[in-house]
Amino acid sequence: MTSVLELSCVTCRFDDGATVVEALREVSLRVDQGEMVAVVGPSGSGKSTVIHLACGLVAPDAGQVRILGEAPPAVSWRRGGATLRSARGYRRWWADRRRTTIGVVHQRLNLVPALRAIDNVALPLRLAGWPASEALALAEEALAQVDASDLAGSWIDRLSMGQQQRIALARATVGGHQLVLADEPTAALDTVGAEQVVGLLGRLAESGRAVLLVTHDTRVAAWADRIVVLRDGRTVDEVTSGTEPDNRATAPAGVVP
Amino acid sequence: MALRDALLLLLAEGTRHGYELKTEFERRTASIWPVNTGQVYTTLERLQRDGLVEPTAADERADNGEHGRSRHDRRRPYRLTDHGRTEARAWLADEDTGAPPRDELIMKVLLAAHSDLGEAQAVIDGLRHRLLARLQRIRERQRRAPDTLAARLCSDALTVRIEADLRWLDLCTERLAAEAAATGAKGRPGSPASTTTPERARGSRGKR
């Protein structure tokens with residue numbers, strides 16, 4: 001299996017001048033191609049920081065983040081600050097990854113209300129300089145993958161939360177992004193809507209992408225191939241689907257899990 | 001709940017014979033509780049003895065109008081008596097099963113949350129692990145099993161119960177942390193000084 005995202009022993013501190021908070025402590029996490037991993041934990045456990053690290057919005061204080069096996073160029077430090085040149089190189093590396101490899105679905109979807117659904121999906125490609133016709137063709141493909149072809153011409157504010165979530169998912173995967181990061185993608189949805197969205201994320205994983213899902217909802221997390229439990233910035237547990245012995249051997253086969 | 005309650009309820013909808021009762025019961029409950037036909041017949045006999053059901057005249061449903069069937073005749077249809085109808089309604093309306101809340105999970109945590117809070121947290125972590133694994137198994141099954149309304153309702157019921165348990169375990173963790181902070185105990189869950197390292201928590205799980 002090819003590792004698409006790998007966090008090795010990552011520590012992340014936030015310093016507001018007065019106190020230092022360790023958001024993550026020596027967290028290791030790996031998401032392979034074709035795999036959906038869910039990170040669960042109470043608020044303040046460091047879940048969102050994992051997403052921010054995975055798309056380069058936050059840099060680790062220790063440890064390494066790798067995308068498709070590659071680490072960003074090292075930042076060199078001089079007199080208490082990063083050198084401008086190395087910081088630029090680092091930022092450019094991550095910007096490239098976000099353009100070509102990483103799609104993010106934010107908790108607030110950040111869709112553009114002035115654009116129709118399909119133009120929202122095509123937007124990242126247009127910004128990256130793709131010609132309009134190709135961008136639209138790929139956007140159509142991405143919409144079809146989340147069963148939202150019929151919404152292509154709709155204005156964003158006419159769509160339900162569940163439909164908007166689909167558009168955001170399509171935008172995160174347009175152009176063949178291999179890593180999908182979703183931050184609480186079901187927070188605004190009812191149970192059935194949440195099930196549909198997480199079902200779509202599962203399908204994206206089945207189609208060969210790597211999906212990292214952050215949620216406080218264990219019901220949603222249960223659809224993932226692997227559940228990682230965070231508490232106070234540490235990994236306290238990891239549950240992989242199909243590896244746990246079922247100690248209810250006495251239950252009738254195929255009935256009660 | 002006893003099988004008798006379910007049979008009364010199904011018979012309240014109309015006349016049915018034993019085998020029909022068995023298959024309808026299993027279909028409607030997503031086979032969560034498989035019963036054998038023998039059980040159904042014994043229960044019907046008991047219900048008849050108590051005056052809650054009565055066999056219909058054989059020719060009411062049978063084509064050949066034959067009399068003197070054996071009591072094991074699978075096609076002998078039963079119907080509710082008025083008394084049975086009252087019982088069925090009463091059962092459906094009563095939410096209190098009368099069972100004391102002696103849940104295994106609750107007992108385990110209560111007995112573990114005694115002096116060594118770090119050890120108690122390890123127990124909680126182990127239980128959470130098992131519950132998460134069980135949630136995953138429910139999902140797996142949901143993905144593979146035929147998608148019927150009964151199956152959905154059934155996995156929903158199992159899921160929300162596990163969610164409630166997980167939520168409670170999270171609260172336990174919070175309470176233990178608060179307790180440890182208040183008493184200044186060294187076993188504060190989740191802290192670097194904790195006596196329960198993740199490795200240790202994992203180790204105790206492995207033994208189970």
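**Entry 1: helix α2 of chain B**

I began at the end of α2(B): B:Ala30 follows this helix and has a positive phi, near 50°. Helices here are DSSP runs of H or I with at least four residues, strands are E runs of at least two, and both are numbered from the N terminus. The model is predicted, so I noted the filters: local features need pLDDT of at least 70, side-chain atom pairs count only at pLDDT 80 or more, and totals for chains, interfaces and linings use all residues. Side-chain values use heavy atoms without hydrogens and water, residues are numbered from 1 along each chain as its sequence is written, and chains are lettered from A and ligands numbered from 1 in the order in which they are written.

I then looked up which residues of α2(B), residues 18-28, are buried (under 20% relative accessible area with a 1.4 Å probe, protein chains only; exposed is over 50%, partly exposed in between). They are B:Gly18, B:Leu21, B:Lys22, B:Glu24, B:Phe25 and B:Glu26. These residues pack against α1 (3-12), β1 (16-17) and α3 (37-49) of chain B, with contact meaning heavy atoms within 4.5 Å.

**Entry 2: strand β9 of chain A**

I checked β9(A), residues 210-215. Six of its six residues are buried, so the strand is largely enclosed by the rest of the structure. I split the strand by face. A:Ala210, A:Leu212 and A:Val214 are buried on one side, and A:Val211, A:Leu213 and A:Thr215 on the other. In a regular strand, side chains alternate between the two faces of the sheet.

Which strands pair with β9(A)? Strand β3 (36-40) does so in the parallel sense over five bridges, and β8 (179-183) also pairs in the parallel sense over five bridges. Pairing requires at least two DSSP bridges between the strands. I noted A:Met36 as the bridge partner of A:Val211, and A:Ala182 opposite A:Leu213. β8(A), α6(A) (191-206) and β9(A) form a right-handed β-α-β unit: with the strands pointing away from the viewer, the path from the first strand over the helix to the second runs clockwise.

**Entry 3: cores**

I looked up the nonpolar cores, which are sets of buried Ala, Val, Leu, Ile, Met, Phe, Trp, Tyr and Cys residues joined through side-chain atoms within 4.5 Å. The largest has 65 residues, and those with the most contacts inside it include A:Met36, A:Leu143 and A:Leu213. Helix α6 (117-144) of chain B gives the most to this core, with nine residues. A second, separate core of 31 residues includes A:Leu24, A:Cys55, A:Val65 and A:Ile67.

I followed A:Leu143 further. Leaving out residues up to four places away in sequence, A:Leu143 touches seven listed residues, among them A:Ile118, A:Val121 and A:Ile167. A:Ile118 and A:Val121 are among the buried residues of α3(A), residues 117-127. The cover over the buried residues of α3(A) includes α4 (132-145) and α5 (161-173) of chain A. A:Gly129 follows α3(A), with a positive phi near 95°.

**Entry 4: the open sheet**

I traced an open, antiparallel sheet of three strands in chain A, in the order β2-β1-β4. β2 (20-32) and β4 (62-67) are at the edges with a single partner strand each, so one side of each has no neighbour in the sheet. β1(A) (3-15) and β4(A) pair over five bridges. A:Ser8 stands opposite A:Gln64.

**Entry 5: chain A overall**

I counted seven helices and eleven strands in chain A. Buried residues make up 48% of its 257 residues.
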